[in-house]
Amino acid sequence: MSASGMILFVFALGGLGLFLSRARALAFESCGSRMHSRPFYYGLWTFFLVVFPSLLFFLLWHIGTNLYIEHQIFVRVSRMEMSGILHEDRVLVLRDVLKSLLQKSMVLSRNIDHDLLSFVFDFAKKVKILNVIGSLTTVFCACFGLVYGLWDTRSQKRARNKVECVIILSLIIASAIAVLVTIGILSSLFFQTVSFFRSVPLSHFFFGTVWDPRFPTTDSNVGQFGLVPLLAGTLYIACVAMLFAVPVGIFSAVYMAEYASPQLRSFIKPLLEILAGIPTIVYGFFALVSVGPFLRDLSSAFSGNGEAFIMAQSVLTAGIVMGIMLIPFISSLSDDIIRAVPYSLREGSFGLGATQSETIKRVVLSAAFPGIMAAVLLTASRAIGETMIVVMAAGVAAKLTINPFDAMTTITVKIVNQLTGDLEFNSPQTLVAFALGMTLFVVTLLMNIFALYIVRKYREQYE
């Protein structure tokens with residue numbers, strides 16, 4: 001049985017156990033027995049007994065089987081290669097066949113000869129036997145859980161307590177998984193970054209002003225990895241995007257929260273938030289096809305000699321399009337924050353004779369300032385991590401300039417470029433992507449910490 005079929009079977013058996021245990025508990029209640037928990041909890045406990053142990057065993061068995069087969073493939077093929085039974089080209093063919101066998105999608109290659117067929121089919125038998133053992137044991141665990149759950153459905157059983165313990169344990173495991181995934185991401189970045197700095201000095205990376213990994217310098221034979229132009233481009237484009245997105249987003253949030261009627265707000269807000277659901281590649285095409293050529297032609301029309309002083313791929317183009325993408329983030333967050341300000345503050349301001357605009361400016365926005373500032377900083381973190389818009393709207397030129405009409409690039413673009421080449425994975429030209437990723441992570445982390453600091457320092461408590 002396939003993995004998906006086994007999972008569906010286990011869940012179906014668990015649903016049957018839930019129905020039967022609930023019916024058994026209802027039968028006990030109808031006979032006058034005083035049950036500790038509601039009938040649904042007995043059914044849910046049986047469902048847990050059927051599903052969780054059997055699926056956990058099936059997952060561990062599947063992982064263990066794959067690891068065992070891969071180890072056996074590596075050992076057997078290595079022995080045959082060392083003994084001269086297999087030539088190098090036949091080793092590659094055999095490994096491909098065995099890998100496809102392991103993935104249950106084996107198609108015998110025409111390049112494999114009869115001498116290797118027995119070796120391949122030997123592994124096929126092992127895989128089949130291990131899969132049958134795992135499937136039968138999983139079915140046995142599920143059936144045993146069903147029988148035990150039905151037998152354990154009685155009045156003294158504290159089913160609700162058991163179910164709540166399982167749910168709490170599941171929440172703890174989910175939280176632990178999130179923490180472990182974060183630690184794993186940081187560990188992968190950290191160790192690869194350390195490997196990179198073994199080849200490139202820290203000063204050359206953090207203070208270098210030239211980015212050209214292909215050509216070595218006079219004192220290094222691994223290329224030039226200057227972070228300064230990439231970091232400057234990242235911050236420059238993000239600043240231009242925020243200069244465009246923040247006023248529009250906050251003003252639209254103020255209008256929707258304070259001035260718009262409920263009917264108009266129910267129409268404008270979903271329409272504005274559609275922008276958040278558009279893929280960034282679409283924004284990139286929009287910048288490449290529409291915004292960039294429009295700015296170039298507009299500058300050409302304004303210049304006296306007909307030459308365009310705004311490039312189609314420029315900081316301004318990327319900043320405007322990225323700002324359009326960021327508007328719904330700032331607008332939606334700011335709208336919720338402004339509406340969370342107690343209406344009693346507005347009434348007090350009106351009672352003192354203030355107009356609506358004065359109330360918004362001096363009371364509402366002042367009270368909502370910490371939340372709006374946090375929303376702006378979180379949106380800035382989103383802008384710093386953008387890739388596709390920058391690739392298509394700002395180009396890939398790593399250079400230092402203060403001209404917003406010129407092309408620049410960002411850290412994320414160079415991460416993609418360095419990881420999509422044909423270089424070895426342990427080369428400095430590839431490992432630099434991890435150093436760039438760690439730098440970007442630290443920058444966004446500091447921005448998020450600063451946002452939390454602003455919120456906690458200026459937060460107001462209302463009853």
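Is Val 200 buried or exposed, and at what relative accessibility? In this predicted model, Val 200 has a relative accessibility of 3% and therefore counts as buried, the cut-off being under 20%. Val 200 sits in the loop between α5 and α6, the latter spanning residues 202-206. A partner from far along the chain can be named here: Val 432 is 232 residues away in sequence, yet the two C-alpha atoms are 9.1 Å apart in space.

It helps to set this residue against the protein as a whole. The fold has 15 helices and two strands. Of its 463 residues, 40% are buried. Long-range links are well represented: among contacts between residues at least 6 apart in sequence, 70% join residues at least 24 apart.

Helix α7, residues 228-259, offers another view of the interior through Gly 249. With a relative accessibility of 0%, Gly 249 counts as buried. Once neighbours within four places in sequence are set aside, Gly 249 is in contact with Ile 327, Ile 330 and Ser 331. The C-alpha atoms of Gly 249 and Asp 335 are 9.1 Å apart, although 86 residues separate the two in sequence.

Asp 335 appears again in the surroundings of Lys 269, which touches Met 256, Ser 332, Asp 335 and Asp 336 when residues up to four places away in sequence are not counted. Lys 269 belongs to helix α8, residues 262-273. Its relative accessible area is 14%, so Lys 269 is classed as buried, under the 20% limit. The side chain of Lys 269 also makes a polar contact of 3.2 Å with the side chain of Asp 336.

A second basic residue to look at is Arg 346, placed in helix α11, which covers residues 343-351. Arg 346 is buried because its relative accessible area, 7%, falls under 20%. A polar atom of the Arg 346 side chain lies 3.1 Å from the backbone oxygen of Ile 338. Ile 338 is also one of the residues that Arg 346 touches, together with Glu 258, Val 341, Thr 359 and Val 364, again leaving out residues up to four places away in sequence.

Turning to the aromatic residues, a search of the whole structure gives 17 aromatic pairs. One of them joins Phe 196 and Phe 205, whose ring centres are 5.6 Å apart; the planes meet at 75°, which is over 60 degrees, so the pair is edge-to-face. Both of these phenylalanines, Phe 196 and Phe 205, are buried. They are also part of one aromatic cluster, which is formed by Phe 196, Phe 197, Phe 205, Phe 206, Trp 211 and Phe 225. Elsewhere, a charged side chain meets an aromatic ring: Arg 154 lies over the face of Trp 151, at 5.5 Å from the ring centre.

Finally, the open spaces of the model deserve a look. The largest pocket has a volume of about 320 Å³. It is lined by 16 residues, and those closest to its centre are Phe 52, Val 166, Leu 169, Ser 170 and Ile 173. Two elements, α2 (39-82) and α5 (159-197), are the ones that give two or more residues to this lining. Helix α2 provides the largest share of the lining, with nine residues.

Conventions:
Residues numbered from 1 in each chain as written. Predicted model: local features only at pLDDT ≥ 70, side-chain atom pairs only at ≥ 80, totals over all residues. Heavy atoms only, no water. Helix = DSSP H or I, 4+ residues; strand = E, 2+ residues; numbered from the N terminus. Buried < 20%, exposed > 50% of the residue type's maximum accessible area, 1.4 Å probe, protein only. Polar contact = N/O pair within 3.5 Å; in protein donor to acceptor, adjacent residues only side chain to side chain. Contact = heavy atoms within 4.5 Å. Phe/Tyr/Trp six-rings, centres within 6.5 Å; stacked < 30°, edge-to-face > 60°. Lys NZ or Arg CZ within 6 Å of the ring centre and 35° of its normal. 1 Å grid on protein atoms, 1.4 Å probe; cavity = no way out; pocket = protein on both sides within 12 Å on 5 of 7 lines; lining within 4 Å. Points joined across faces, edges and corners; volume = space filled by probe spheres on them.
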